[in-house]
Amino acid sequence: MRPANARMFRAGLVALLLALPFAATAAEAPKPPPQPWSYQGVFGVFDRPALQRGFLVYKQVCSACHSMSRLSYRNLLQLGFDEAAAAGFAAEVQIADGPNDEGEMYDRPGRLSDRFKKPFANEKAARASNNGAYPPDLSLMAKARPVGADYSFALLTGYINAPSNVQLMEGMHYNKYFPGFQIAMAPPLAENAVEFPDGTPASIENMARDVVQFLAWAAEPKMEERKRIGVKAMLFVLVLTALLYAVKRKVWAAVH
Amino acid sequence: MAHAGGITAHEHAGAGEPGEGHDATRRDFLYLAATALGAVGAAAAVWPFIHSMNPAADVLALSTTDVDLGPVAEGQAITVVWRGKPIFVRHRGKQEIEELAKTDIATLPDPQADAKRVKKPEWLIMVGVCTHLGCVPLGQKPTDSRGEFGGWFCPCHGSHYDGSGRIRKGPAPKNLAVPPYEFTTDSTIRIG
Amino acid sequence: MSAPEFRNGLVRWIDHRMGIFSFMHHELHEYPTPKNLNYFWNFGSLAGFMLVVMIVTGIFLAMNYTPHVDHAFDSVERIMRDVNYGWMLRFLHANGASFFFIAVYIHLFRGLYYGSYKEPRELLWMLGLVILVLMMATAFMGYVLPWGQMSFWGATVITNLFSAIPWVGESIVTLLWGGFSVDNPTLNRFFSLHYLLPFAIVGVVVLHLWALHTHGSNNPVGIDTKGKQDSLPFHPYYTAKDLFGLGIFVLFYFGFTFFAPDFFGEPDNYIPANPMVTPAHIVPEWYLLPYYAILRSVPDKLGGVLLMFGAIGVLFILPWLDRSPVRSARFRPIYKQVYWLLVADCLVLGWIGANPPDGMFIVIGRAATVYYFAHFLVLLPLLSVFERPLPLPASISEPVLKGGGAAGGTVKPMEKA
C-alpha cells in the first residue's frame, strides 16, 4: 500500500462501510499515473544501477538549483559506489570549513562525512537566482507529496505546451501534473543531458525514472532494511501466535 | 510483552486439567515452546533499543581530524578536538627527548618506552584525558603547572605525567592514551 | 481466596514484609473472571500493552530528539537515517499511537455495547474516559514534535481553539504558546508535557484497574457472576487468551510499521514547519477526525469548541443517561440497533473530518453531529423507559431459559470465544 493514499483509503473505508457514494476531493491536476517501481511491495528492493544513474542525473542536472541536504557523501556507498568513487564525488566540491587559526572561514575539498553541498547559501539567495521561486530541498520529496515518486516522475515528464486558453505568467512553464499547472522550474531534463557510464540511453524518460528512484531512496535510505527486518519479525510473530493459539486451546480445552 | 513467559509448565499443572501421559507431555511441550519462543522474541526486541544508544552513523563518520603542525614551534603545545575529546600535540626539543629516553622503564606504573609512544620523536600526540576519571590535565599552557615530572598534572586527583605522557605518580592507572594517527605530509597529521 | 504458599524462600521473606506477591497472585492469577468473555475483552490488555510500547519507544526516541525549532525536524530525520534502528523506534512509535487508539476505541465501544459503564462500574468508565482525554492531549503534543508542516499548523489550529473562551481566551492562548505564535517555547513545553502525560496515564490506568478489580469484569451477558461455576481464574485462562490476541494484534501493528509506516501519516509532515505557509488541507490524525468534524459543523467558534468537548463530556454522564437496568445489548433489541447507528455515525463523522468543509460535507457533518448528541441525550433516556428487554438468563453458566444459544458463542459471528 502506498502511504500517500492513506487519507483517501481511510475515507474510502468509511464510505464503503456505509455504502455511501464516495466523492473524492476534487484535485486540480490529474492523478499521476502509477509507475512500476522495483522497490514496491514486501520484497521490493532498489535497483542499484538505476540509483547510481539517478544520482548522476541529480548531480549533473538537479543539483544546480536543488539541495539534498539530508544526504551525506558517505550515503553514496549504499548506492553501490565504492569508497574511492564516493570520496571522489565528495572531493569534487569545495566545502566551507573553519574558522582556522586566523579566524577565517576557508574552503576545503569535501569528505565522505560532509553533507551534500547546497547550491545556494540560503533561501533568499536561492530565490534571488531563480526569479523569486524557491527550488525545494529534494531529500524528502518522494515522501512529502502524495504518491511522491509517481508525482515526481509525472512532473518531470509532464511539460507540454500551454493550452491556447491559458495565459502563462512571465517565467512560468506549463506542466499538466503541477497543482495550478504553472511551474517556475523550466523543463529540467533534455535528451542526452547526462552520459551514463553503463551505456543506458539518456532519454528523458530513462533519466526521470532513475532520478526519481534515487529520490525515493534518499527519502528513506533504510527502507530495504525496514522491509527485511519486517519480514523476519512478521514470520516470527506468526509462528509465536500459532503456538499461543495452541496453548490457548489447550488451556481452555477443559472449559469448552 | 507484559505476560511473556508467564505460563510455565509447573505453574500450569494446577490449572485443573486432567491431562495424563501422552497428552500431558504434549501440553508441557507446548507451554515450554511458547515460553522459549516468547523469551527469544523479547530478547531480540531488546537489541534495537540498546543499539540505538550506540554511536549513530553520522557520529562514526566524523572520526577524523586533520591537524597542521607547521605553526607549532619547538616547546609549544596545541590542543585540538577529535571525537569531542581534547588531543594534546606537543613539539618537543632534542634535549627533552633524550632525557625521556633515559627513564628506567621498569620503575613505571605503566611501563612503556617513549619511542613506542610517538611516530616522530619531536611530535607527541596524545588524548588529553586523564586515565583516572577523565579530567583534562594541566600542562598545555606555558603558565600551567606541569607536575613533578615536567609533563602534565591532573588537578582533579593529583596525577603526575612526564614529558611522554606516562603516569609517574598519583591515582591514574595508565599512561595518557595515544590516538590512532598518521602523518599525511611532513607537517600534517590525520587523527582517527 | 486462600493465601498462596510460595515455594521460594526469598519470595516468602519479602511477601511476609510486603505482600506484593500475594497481591499479584490474588489480582493476576486467581482473580476470578467471568468465563464467557469474548475476544472483545482482549482490547483492555492490548491498550495496556500499547501504552508500554509507547513509553519505551518514546524514552529511547527522546535520547536522540532535540526539542528546538531549528533542530527538531533534523533530529527526527537523523533518527530515521543515522541512529541505529532509529527508523524502527520512530515507526513503532508513530504507528503505535494509531494502534493504541484502535485498541482503546474498540475497548470503549465494547463497553458501550455490553453496558460496561453501568452500576457498579460508573467510576471505572469515567476513569477510562480520563485516560482517553489524556491520550488525546499526549498524542496531539507528540504529533507537534517532528515540527513538520502538519505539526506546526495542527498546533496552531488546536491551541487557537482556546481563544474561543470569552474574555480570557486570548490570554490563555498566549500562555499556551509562551509567545505570540506557536514557536520554540511552545515546542519545548509540548515536549515536556508529552513526556510527562504518559506517566499520568499510567497512574490513571492503575486507578482504572483498581476500579475494575473491585467488582470484576462485566461480560457479554451483562449479568453478575453468581458463584464459582460462572468464573475462571485469570491465569492461565485469560493470560493465554490475552497473549494469543496480542499475537494477532501485533501482526497488524507490525504490518503497518514495517510495510506501510506512513499510512496513517500525512505527506505534509515531511516538509519542515513553515510559519508563513499553511498547507492546503489541514487534517488531524485519524483518531481525532470525528471531534474535528463536530468542531467544524458548528458555524459559531465558541459553540463549535464547546460541542467538541461536549462530545467527550456527554460520555461522562452516560451512566445516568442510560437508565435501563439491562446491561448487555444482547437483551436490548432496540438499543442494539441504535448502537450500530452510533458506530456508523462516528465513522461518518470521521469521514467528514477528513474532507474539506464545503458543500455536502457540511450538511452531512451537521446531521451526524446532531445524531451523535441525540443518541446520548434523547434516544438513550427514552429507551430506558420504553424499551422492553428480552428475558435475562438465570446465570452465566445456565445461559438462556428460552430462545437458546445467546451465550453459547456459536450464533453470533462476533463472539467466537
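A nonpolar patch, as the word is used here, is built from Val, Leu, Ile, Met, Phe, Trp or Tyr residues with over 30% relative accessible area and no salt bridge, their side chains joined within 5 Å. With that in hand, welcome to three close-ups of this predicted model.

**View 1. A nonpolar patch on the surface of chain C.** Seven names are worth finding here: Ile317(C), Trp320(C), Leu377(C), Val378(C), Leu382(C), Val385(C) and Phe386(C) together make a patch of about 720 Å². Helix 15 of chain C, residues 360-386, is the main contributor, giving five residues. To locate Ile317(C), look in the loop that links helix 12 (301-316) with helix 13 (318-321) of chain C.

**View 2. Where chain A meets chain C.** Chain A brings 48 residues to this contact, and chain C brings 54. About 4500 Å² is buried between the two chains, with carbon and sulfur atoms giving 71% of that area.

**View 3. Polar links and the chain A side of the contact with chain C.** Three salt bridges are counted between chain A and chain C. One to look for joins Arg74(A) and Asp82(C), whose closest N and O atoms are 3.1 Å apart. Eight residue pairs are in polar contact across this interface. On the chain A side, the elements giving two or more residues are helix 1 (6-18), helix 5 (141-144), helix 7 (204-219) and helix 8 (223-252). Helix 8 of chain A gives the most, with 17 residues. Sorted by class, this side of chain A has 31 nonpolar, five polar and twelve charged residues.

Conventions. Residues numbered from 1 in each chain as written. Chains lettered and ligands numbered in written order. Predicted model: local features only at pLDDT ≥ 70, side-chain atom pairs only at ≥ 80, totals over all residues. Heavy atoms only, no water. Contact = heavy atoms within 4.5 Å. Buried area = accessible area lost by both parts, 1.4 Å probe. Salt bridge = Lys/Arg side-chain N within 4 Å of Asp/Glu carboxyl O. Polar contact = N/O pair within 3.5 Å; in protein donor to acceptor, adjacent residues only side chain to side chain. Helix = DSSP H or I, 4+ residues; strand = E, 2+ residues; numbered from the N terminus. Nonpolar A, V, L, I, M, F, W, Y, C, P; charged D, E, K, R; others polar. Patch = residues over 30% accessible without salt bridge, like charges linked within 9 Å, V, L, I, M, F, W, Y side chains within 5 Å. Areas by Shrake-Rupley, 256 points an atom, 1.4 Å probe, with all protein chains shown as cover.
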